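Subject: Structure handover

Hello,

Here is the structure I promised to pass on. Please open it beside this email and follow along.

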Amino acid sequence: MIETTLCYVEQDGKYLMLYRNKKRNDPNAGKWIGVGGKLEPGETREACLLREVREETGLELTEYAYRGRIFFLPDTWEAEIMYLYTATGFQGELKKDCPEGELRWVNVEDIPSLNLWEGDHYFLKELLSGTPEMEMELRYHGDALVSVVSRPVLKRENATTLCDKKFLNLYDLDYYSGTHYYLASRRKKDDLIALKTREELKDVRPDAVGCVVVVKVAGEEPELLLLREMRYATGQFILGVPAGLIDAEDLEKENPVFETAIRELQEETGITFREDTDEIKLINPFLFSTPGMTDESNAMVQITLNREDMPSLTRDGNVGGECIEGFSRFTKEEAWALLRSGTDEDGVYYSTYTWIALMTFVSEAWES
C-alpha cells in the first residue's frame, strides 16, 4: 500500500489548491487536490510533508497539524494511505510554476464547486468543521465513489483505566467527546488492541491458545477429546477444549502458540505430547472471543494423538482456579449430535471454541 501526505495550506479564509494537469499517467489528472506526494524509503510522514510542500509550492511550513488518515481504495491502481495535514503558517514565496500543475488560492466556500475526487468532499467537510482527527475509508470503482466509511479515532490519552487486576482490566474508551465505550481486557493499557494500528495488529500475539484434540487409537474410530471445566462466569461445568494463557516463558520459545498448547494438554489432561508419533498444527492464529465487549483472543491449534492405546487422563496438573470435572470422548456421529442440539448431553450450553472443535472434527478438516 502506497503511503502519501496531503496538505491543505490555509491563509485568509482560502486553501491552496493544486489543479493536476502536467504529469503523464497521473491518476489525479483533471482534479483539484491539496499538496503532497509519496513517502520516500525511510522517510517520516512529517519529513515527507515538509519536502513535498517545499518542492511543489516553494513554501516552508512553520505551523501545521496532523488531521488524520484517509484510506484511498481504488480498483484500478494500488491502494493508498493518505496522511492528512492542514497548515496555517509558512515562509517564502509561492512558486509561479509548479511541476505538478496549477496552484491557486481558493476561497473555502468555493472549494466544493471544484472538480474534486468525490470522496474529498467528505473529508474536506470534516476539516472545515474543525474535526481534530479523522480516519476515513474511500472505496472507488474507477472514478466513481462506491463507499465511504468513517472510523472512530481513539487516542491513548482518551483511554481511562477503571480497574487494573492481574488477569482482567476494565477501560473507558472515549472515542468521541462524551461518548464512552467500556472494554474488558487481559492487556495492560500500553498493549491494548484498540490502541494499535492496522500494521501493528499483524504482529500481535493472542492471549491464549485452545486445542482441538483428536485421539487416533490403533484399530479404533477417531474421537474428539473434550473436558468439562468450571467456567465461573456461567456457574457451570462447561464442555470445552484444553486451553490456557500464553505465559511469558512461552514467548521466549520458537513457537509460543505450540508451546502453550502442549503445556496445557499436559496440565489439563495429563497427556504428554510425543513428538515421534503425535501431530500439532495451527488452525487459526488469532480469534476474538467477544469483540463487542472485550479484546480477548485465542489461537486455535489441532493436536492429533496417534497411539497404540488410549493415554491415561488425569486432573493432577490443574493449577490455580482450574477445576475440571472430567473428560469425554466423542465419535463423529456423537459430535454431530452435540452440534444439532447446541448443548452437551446434560443440556448445558457450550462455548464458541467448543463449537469450533466440533465443526473441525465432524467436517474432517482435521485430516487435511
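Which residues have the most contacts inside the largest nonpolar core? They are Tyr-8, Met-17, Ile-70, Leu-84 and Phe-123, in a core of 23 residues. Keep in mind that this is a predicted model.

**The cores**

Several elements give two or more residues to this core: β1 (2-11), β2 (14-20), β3 (32-33), β5, β6 (80-91), α2 (120-129) and β8. The largest share comes from β8, which gives four residues. Another core lies apart from it and has 22 residues. Among them are Val-212, Val-214, Ala-243 and Trp-366.

Now take Met-17. Leave aside its neighbours within four places in sequence. Met-17 is then in contact with Tyr-8, Trp-32, Ile-33, Glu-102, Leu-103, Arg-104, Val-106, Ile-111, Leu-114 and Leu-116.

**Strand β8 and its partners**

Strand β8 covers residues 134-141. Six of its eight residues are buried, so the strand is largely enclosed by the rest of the structure. As a reminder, buried means under 20% relative accessible area.

Strand β5 (residues 60-73) runs parallel to β8, and six bridges join the two. Look for Arg-69, which stands opposite Glu-135 in β8. Strand β9 (residues 144-151) runs antiparallel to β8, with seven bridges between them. Here Tyr-140 stands opposite Leu-145 in β9.

β8 and β9 form a hairpin. Two residues lie between the strands. In the turn, Gly-142 has a positive phi of about 65°.

**Salt bridges**

Side chains of opposite charge can pair when their charged atoms come close. How many salt bridges does the count give? It comes to 32. Three of them are worth a visit.

Start with Glu-135 and Arg-69. Their side chains meet in a salt bridge, 2.9 Å from N to O. Glu-135 lies in strand β8 and Arg-69 in strand β5, so the pair ties together parts that are 66 residues apart in sequence. Both Glu-135 and Arg-69 are buried.

Next, find Arg-228 and Asp-344. The closest N and O atoms of this salt bridge are 4.0 Å apart. Arg-228 is in strand β14 (residues 223-231), while Asp-344 is in the loop between α6 (332-341) and α7. The two residues are 116 residues apart, and the pair links distant parts of the chain. Arg-228 counts as buried because its relative accessibility is 10%. Asp-344 is buried too, with a relative accessible area of 4%.

Salt bridges that share partners also build a network. One network joins Arg-69, Glu-135, Glu-137, Arg-139, Arg-151 and Glu-199.

Last comes Glu-40 with Arg-51. Their side chains meet in a salt bridge at 3.7 Å, N to O. Glu-40 sits in the loop between β4 (35-38) and α1 (45-57), and Arg-51 sits in helix α1, eleven residues apart. Glu-40 counts as partly exposed because its relative accessibility is 43%. Arg-51, at 12% relative accessibility, counts as buried.

**Cysteines**

How many disulfides does the structure hold? Zero. Two cysteines show why. For a disulfide, the sulfur atoms must be within 2.5 Å. The sulfur of Cys-48 is 11 Å from the closest cysteine sulfur, in Cys-7, so it is too far for a bond. Cys-48 counts as buried because its relative accessibility is 0%. For Cys-323, the closest cysteine sulfur is in Cys-211, 19 Å away, which is also too far for a bond. Cys-323 counts as partly exposed, at 32% relative accessibility.

**Two backbone angles to check**

Most residues other than glycine have a negative phi. Which way does phi point in Asp-12, positive or negative? Asp-12 has a positive phi of about 55°, although it is not a glycine. Asp-12 is found in the loop between β1 and β2. With a relative accessible area of 73%, Asp-12 is exposed.

Glu-364 is another residue other than glycine with a positive phi, near 65°. Glu-364 lies in the segment after α7 (352-362). At 38% relative accessibility, Glu-364 counts as partly exposed.

Best wishes

Methods:
Residues numbered from 1 in each chain as written. Predicted model: local features only at pLDDT ≥ 70, side-chain atom pairs only at ≥ 80, totals over all residues. Heavy atoms only, no water. Buried < 20%, exposed > 50% of the residue type's maximum accessible area, 1.4 Å probe, protein only. Pairing = 2+ DSSP bridges. Core = buried A, V, L, I, M, F, W, Y, C linked by side-chain atoms within 4.5 Å. Contact = heavy atoms within 4.5 Å.
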